[in-house]
Amino acid sequence: MIRNRQYDDYFKAVDGLHLSPSFRQLIVSLLAYNPAERPSIAQIRQSAFLQEPSYNPERTRTMLLTKVHGVIAMKQNAGK
């Protein structure tokens, strides 16, 4: 869907319509099919999403780690 530029369909499929437009744009740019079109680290750091006053890197880090640990625990339990 990303490759075919069906962004609304993609975010609907992954339950991401509630995400901010600036975050969705960042994700779309990171998932660009052509690697030359993907942003550099400097461009990512300057993205509108990361510049929003509501962005909290520590809260984001904590949420991501919680989700990762949940996935790891789920896989470990499935293997038992």
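Does Leu17 count as buried, exposed or partly exposed, and at what relative accessibility? In this predicted model, Leu17 counts as partly exposed, at 46% relative accessibility. That value falls between the 20% and 50% cut-offs, so the residue is placed in the middle class. Leu17 sits in the loop between α1 (7-13) and α2. Leaving out residues up to four places away in sequence, Leu17 touches Asp8, Phe11, Lys12 and Arg24. Pro57 lies 40 residues from Leu17 along the chain. The C-alpha atoms of Leu17 and Pro57 are separated by 21 Å.

One of the contacts of Leu17 leads into helix α2. Arg24 is found in this helix, which spans residues 21-30. Arg24 touches Phe11, Gly16, Leu17 and Leu19, again without residues up to four places away in sequence. Arg24 is buried, yet has no salt bridge. The nearest side chain of opposite charge belongs to Asp8, 4.5 Å away. A salt bridge requires a nitrogen and a carboxyl oxygen within 4 Å, so this pair does not qualify.

Ser22 also lies in helix α2. Its relative accessible area is 15%. The cut-off for a buried residue is under 20%, and Ser22 is therefore classed as buried. Apart from neighbours within four places in sequence, Ser22 is in contact with Ala48, Phe49 and Glu52. The full set of buried residues in α2 is Ser22, Arg24, Leu26, Ile27, Val28 and Ser29. What covers these buried residues includes α1, α3 (41-45) and α4.

Charged pairs were examined next. The structure holds 1 salt bridge. The side chains of Glu58 and Arg61 form this bridge, with a distance of 3.7 Å from N to O. Both residues lie in helix α5. They are 3 residues apart, about one turn of the helix. Glu58 has a relative accessible area of 47%, and is partly exposed. Arg61 is partly exposed as well, with a relative accessible area of 48%. Arg24, by contrast, is buried and has no salt bridge.

Attention then turned to open space. Rolling a probe the size of a water molecule over the atoms shows where empty space is left. The largest pocket has a volume of about 510 Å³. Its lining consists of 14 residues. Of these, Leu19, Phe23, Thr60, Met63 and Leu64 lie nearest the centre of the pocket. Two helices, α4 (48-51) and α5 (57-78), each supply at least two residues of the lining. Helix α5 gives the most, with 5 residues. By class, the lining of the largest pocket has 7 nonpolar, 4 polar and 3 charged residues.

The second largest pocket holds about 170 Å³ of space. Its lining is made up of Ile2, Arg3, Arg5, Tyr7, Val28, Ser29, Ala32, Tyr33, Asn34 and Glu37. These lining residues divide into 5 nonpolar, 2 polar and 3 charged. Val28 and Ser29 appear in this lining, and both are among the buried residues of α2.

Terms used:
Residues are numbered from 1 along each chain as its sequence is written. This is a predicted model: local features need pLDDT of at least 70, side-chain atom pairs count only at pLDDT 80 or more; totals for chains, interfaces and linings use all residues. Side-chain values use heavy atoms; hydrogens and water are left out. On a 1 Å grid over the protein atoms alone, a cavity is a set of points where a 1.4 Å probe fits but cannot get out, and a pocket is an open set with protein on both sides within 12 Å along at least five of seven lines; lining residues have an atom within 4 Å of a point. Grid points are joined across faces, edges and corners, and a volume is the space filled by probe spheres set on the points. Helices (H or I, at least four residues) and strands (E, at least two) are DSSP runs, numbered from the N terminus. Ala, Val, Leu, Ile, Met, Phe, Trp, Tyr, Cys and Pro count as nonpolar, Asp, Glu, Lys and Arg as charged, and the others, Gly among them, as polar. Buried means under 20% relative accessible area, exposed over 50%, partly exposed in between (1.4 Å probe, protein chains only). Lys and Arg count as positive and Asp and Glu as negative; His and the chain ends are not counted. Contact means heavy atoms within 4.5 Å.
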